[in-house]
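Me: I'd like a close look at the place where the two chains meet. Keep it informal, but give me the cut-offs as you go.

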Amino acid sequence: MSIETSATIGRFGPFGGRYVPETLVPALLELEEAYTAARADPAFGKQVAQVLKEFVGRETPLTPAHRLTAAWGGAQVWLKREDLAHTGAHKINNTIGQVLLALRMGKKRIIAETGAGQHGVATATACALFGLPCEVYMGALDVERQALNVFRMRALGATVRPVELGSKTLKDAMNEAMRTWVSQVQDTHYVIGSAAGPHPYPTIVRDFQAIIGQEVRKQSQALFGQLPDAIIACVGGGSNAIGVLHPFVGDKQVRLVGVEAGGHGLHTKQHGASLTLGTEGVLHGSRSLVLQDEHGQIQEAHSISAGLDYPGVGPELAFLVKTGRMEIRTATDDEALQAFYEVSRSEGILPALETSHAFARGAELARELGKGKHLVINCSGRGDKDVATIAARGIPAAITGNKS
Amino acid sequence: MSGEIAAAFAKAKARGEGALVAYAMAGDPDLPRSVDVFAAMVEGGADILEIGVAFSDPIADGPVIQEASERALKAGASLKRVLNEVVPEVRKRCPETPLVVMTYINVVMAMGEEKYAKLAREKGISGTILPDLPPEESSGIRATFDAAGLDLIPLCAPTTPPARAEAIARDARGFVYCVSVAGVTGMRSELPVDLSSRLELVRKASPVPITAGFGISTAEQARTIGAHADGVVVGSALVRAAHADGPAAARQLCAEIKRGLKR
Ligand SMILES: Cc1ncc(COP(=O)(O)O)c(C=O)c1O
């Protein structure tokens, strides 16, 4: 027997791969094989599609944002409404797919990591739906910041395990979930929540999230008779971004734009901008762009939004950015907050703080494109989970104006 | 191939003993005091030293080594400082003992694989263990290490199917590190029952010595496993002993485990 080399496997240019303890390799090979078979099986595709329709509520609308369009004075703005998917974010697209895959593989239990809690809720939901026990690892700091989602997971029957190590955020939760998986790998499936991690996860998550972009393709043709001129999405680990963007990678006329967490500003080191400022490295099993010091130690990321507070990013996005196919920008905490209020007040939609980062770059992009063009913003999730964080800062006077 | 590792196993065998590969974290609690721990472990009978270089996100490690990594990083134990400040001191105090570095791939990548291989060899390192670098990802780095005369020591896990384990063993440099339990590093009260047959399978295929590690903390466990391997690796138990009671405690634990390895 010869062991395949990295050149052929799970790679996006130099990025991707499978940098994990040997204990996990057989499980990843098994997962890859099971997924390849499932993907080729029309019955599996039908089953996923049916649950997405009947339970998740797909397809989600592509909503014209009339007042933002008018206010920004440029391209016509459209919102892809992942906030209307069950549980309130795009994360459910992936967890339904992966839990069905785990059932197909005969796995008895599910573990997951979560940052904002959105992926944890989506995993707990899929597990409740299919009757599998579920354990969610979550940084202790995030447990505090996202109390509502912690309650939701528990109500859904999942066990939430606070992680007290390191920065007590998403990256530490992912470390702990991987360590747990190493010791329970025979009967447990690990549902990774973003298009990151070792091969085959970036591919699996991208495929399950690509439903977003596939719908946008169909809907934009139906609503305005052409493909969008640009699509913009926020980037944490990258799952909503790759999901909405991937079906357009071959359409060179469509600008693909990602927005990362600028945190307190790119000069402060307190940000989550791994595509913008990261360097090549290995984190959580894949080679990608990561925030690290010169010694290869991973830096703590910062963002007001727990879902963007991650020092790594999925390998396929790193590849799209490196090759110039995708543009990357950042929005600071303050800009995201401002966008949160702007969207809430002009469209009647409270966007998630993650999503607010995408909106924060919307105005300039709409103007760059100009009138008569079409801009799609991926509304990755709703802001209900964030209202406590946002309210704690008080509504800025500049926004309330003379209203109260 | 470095040659030093094979010689150390042969020496232990000639004395009628299994070899003890003893792990400690460089820079825990600080750089100079970790040198004392390494030296004490050799006094206690360690045949090969495994020098841990801390990584911020050690996914293959349990709580004892995670906490040691955090202490070492606080003390400034970068790979560069470990090679330049810790390794030469250990070399001076234990001139006969082969030294092996254990760290994660990102730490080596950040320095540059070639630069690392050259510097490590220059400082007297014989081999390197990278627990997050399975064979699929290691062909390039292994060629680089081979060229520098540095052994890339492979790992084999309880979940590794027999054919794959044999392939890993056949291609091994230095020694084969057989992970005894499906899990992260750390002490275990019980080791899996099928461990001995797995070790024998790897031993048959391997041109180099084989060791078992992860979970071993007592002379009794060392004796059981020592019957089916050329040596054992002890990590968390030594890290914990040194952290709680200093170098002397690590020396004593090494001596105890060595007693278990007498044939
Ligand atoms: C609503 C929402 N959007 C975006 C993200 C960021 O993740 P990703 O980049 O994987 O889409 C999250 C993560 O929790 C989220 O909850």
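Me: How many residue pairs are in polar contact between chain A and chain B?

Reply: The count is 19 residue pairs in polar contact between chain A and chain B, with both partners at pLDDT 80 or more. A polar contact is a pair of N or O atoms within 3.5 Å; within protein, one must be able to donate a hydrogen and the other to accept it, and residues adjacent in sequence count only if both atoms are side-chain atoms.

Bear in mind that this is a predicted model, where local features need pLDDT of at least 70 and side-chain atom pairs need 80 or more, while totals for chains, interfaces and linings use all residues. Residues are numbered from 1 along each chain as written, chains are lettered from A and ligands numbered from 1 in the order written, and side-chain values use heavy atoms, leaving out hydrogens and water.

On the chain A side, the elements that give two or more residues to the surface touching chain B are H1, helix H8 (170-184) and strand S11 (279-283). Of these, H8(A) gives the most, with 7 residues. Helices (H or I, at least four residues) and strands (E, at least two) are DSSP runs, numbered from the N terminus.

Now the whole patch. Chain A and chain B each put 39 residues into the contact, with contact meaning heavy atoms within 4.5 Å. The two chains bury about 3,300 Å² between them, and carbon and sulfur atoms give 56% of that. Buried area is the accessible area (1.4 Å probe) lost on being put together, summed over both parts.

Next, the charges. The interface of chain A and chain B has 3 salt bridges, and the search over all chains finds 52. The rule asks for a side-chain nitrogen of Lys or Arg within 4 Å of a carboxyl oxygen of Asp or Glu. One bridge across the interface joins A:Arg11 to B:Glu137, at 2.6 Å from N to O. Another joins A:Lys171 to B:Asp57, at 2.9 Å. That second pair runs from helix H8 of chain A to the loop between strand S2 (48-52) and helix H3 (63-74) of chain B. A:Lys171 has 5% relative accessibility, so it counts as buried, and B:Asp57, with 2%, is buried too. Buried means under 20% relative accessible area, exposed over 50%, and partly exposed in between (1.4 Å probe, protein chains only).

A:Lys171 also leads to A:His284, whose side chain reaches the backbone oxygen of A:Lys171 at 3.1 Å. A:His284 is found in the loop between S11 and strand S12 (286-290) of chain A. With 3% relative accessibility, A:His284 is buried. Setting aside neighbours within four places in sequence, A:His284 contacts A:Lys171, A:Met174, A:Asn175, A:Met178, A:Gly197, A:Pro198, A:Tyr310 and, from the other chain, B:Ile59.

For a comparison inside one chain, look at A:Arg361 and A:Glu335, a salt bridge with the closest N and O atoms 3.3 Å apart. A:Arg361 sits in the loop between helix H15 (353-360) and helix H16 (362-369), and A:Glu335 in helix H14, so this bridge ties together parts 26 residues apart in sequence. A:Arg361 is buried at 10%, while A:Glu335 is partly exposed at 29%. Both belong to a salt-bridge network that also takes in A:Arg255, A:Glu327, A:Arg329, A:Glu364 and A:Glu368.
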